[in-house]
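Me: Could you take a close look at one part of this protein with me, the place where two of its helices pack together? I am in my first year, so please go step by step.

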Amino acid sequence: MIRAIARIAAPVAVVVDCMGAWLDWRDGDLRMSLTLAAAVTAVALVPCALGFVAAIGRRLRQTAAQDGPVRTIDTMRLPLVVPRGYVGAAVLGGIATLAAMGEGFGLYIFLAGVALIALALSQATPRRA
């Protein structure tokens, strides 16, 4: 259930951050406070972090339940799997963050990138043995 909440909260934070960036880019009278955008992103990061911690906990329980020896080929791979769509969103968020560096609206885009990366990590699942 926490992963479902993260799937809603993170995109809402991204929308708020992108609206703040757009309002800042327009140079109009209407502006969104960076503090408000950061607060919305921080609230969205809570279920994302809990989802990631739950995935790590499932992986640790899965490892403890295995009786066989640890194979070296398994230790070379990451123990968690993230669905490709979420990885793509996280990569796009990172690219957008790098592209917006130095711009006035760059901090809003940075917050959106952080929310997308957190969303991807919250959707991780333990790798099957």
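Reply: Happy to! A helix here is a DSSP run of H or I that is at least four residues long, and helices are numbered from the N terminus. By that count T41 sits in helix α2, which covers residues 34-65. Keep T41 in mind, as we will come back to it. Please also remember that this is a predicted model.

Let's begin with the overall layout. The protein has 5 helices and 2 strands, and along the sequence they come in the order α-α-α-β-α-α-β. Of the 129 residues, 31% are buried. Among contacts between residues at least 6 apart in sequence, 84% join residues at least 24 apart.

Now for the pair of helices. α1 and α5 pack with their axes 8 Å apart, at an angle of about 165 degrees. Angles over 145 degrees count as roughly antiparallel, so α1 is roughly antiparallel to α5. The crossing of α1 and α5 is left-handed.

Which residues make this contact? On the α1 side they include R3, A6, A10, A13, V14, D17 and A21, while α5 brings Y108, I109, L111, A112 and A115, among others. Sorted by type, the residues of the contact are 14 nonpolar, 2 polar and 4 charged.

Several of these names return when we look at the nonpolar cores. The largest one has 10 residues, among them V16, A21, L23, Y108, I109 and L111. Two elements, α1 (2-26) and α5 (106-122), each give two or more residues to this core. A second, separate core has 7 residues, including A13, V14, A44 and A112. As general background, in soluble globular proteins nonpolar side chains tend to be buried together.

One member of the largest core is worth a visit: I109. Leaving aside residues up to four places away in sequence, I109 touches A21, A96, T97 and A100.

Finally, back to T41. Is T41 buried or exposed? Its relative accessibility is 2%, and buried means under 20%, so T41 counts as buried. Again leaving aside residues up to four places away in sequence, T41 touches A13, D17, L111 and A115. Now find those four partners in the helix contact: A13 and D17 belong to the α1 side, and L111 and A115 to the α5 side. In the picture, then, you can start at T41 in α2 and trace its contacts to A13, D17, L111 and A115.

Conventions: Residues numbered from 1 in each chain as written. Predicted model: local features only at pLDDT ≥ 70, side-chain atom pairs only at ≥ 80, totals over all residues. Heavy atoms only, no water. Core = buried A, V, L, I, M, F, W, Y, C linked by side-chain atoms within 4.5 Å. Buried < 20%, exposed > 50% of the residue type's maximum accessible area, 1.4 Å probe, protein only. Contact = heavy atoms within 4.5 Å. Axes fitted to C-alpha atoms, helices over the stretch in contact; angles between N-to-C directions. Parallel < 35°, antiparallel > 145°, perpendicular 65-115°, else oblique. Left-handed = near helix turned anticlockwise from the far one by under 90°. Nonpolar A, V, L, I, M, F, W, Y, C, P; charged D, E, K, R; others polar.
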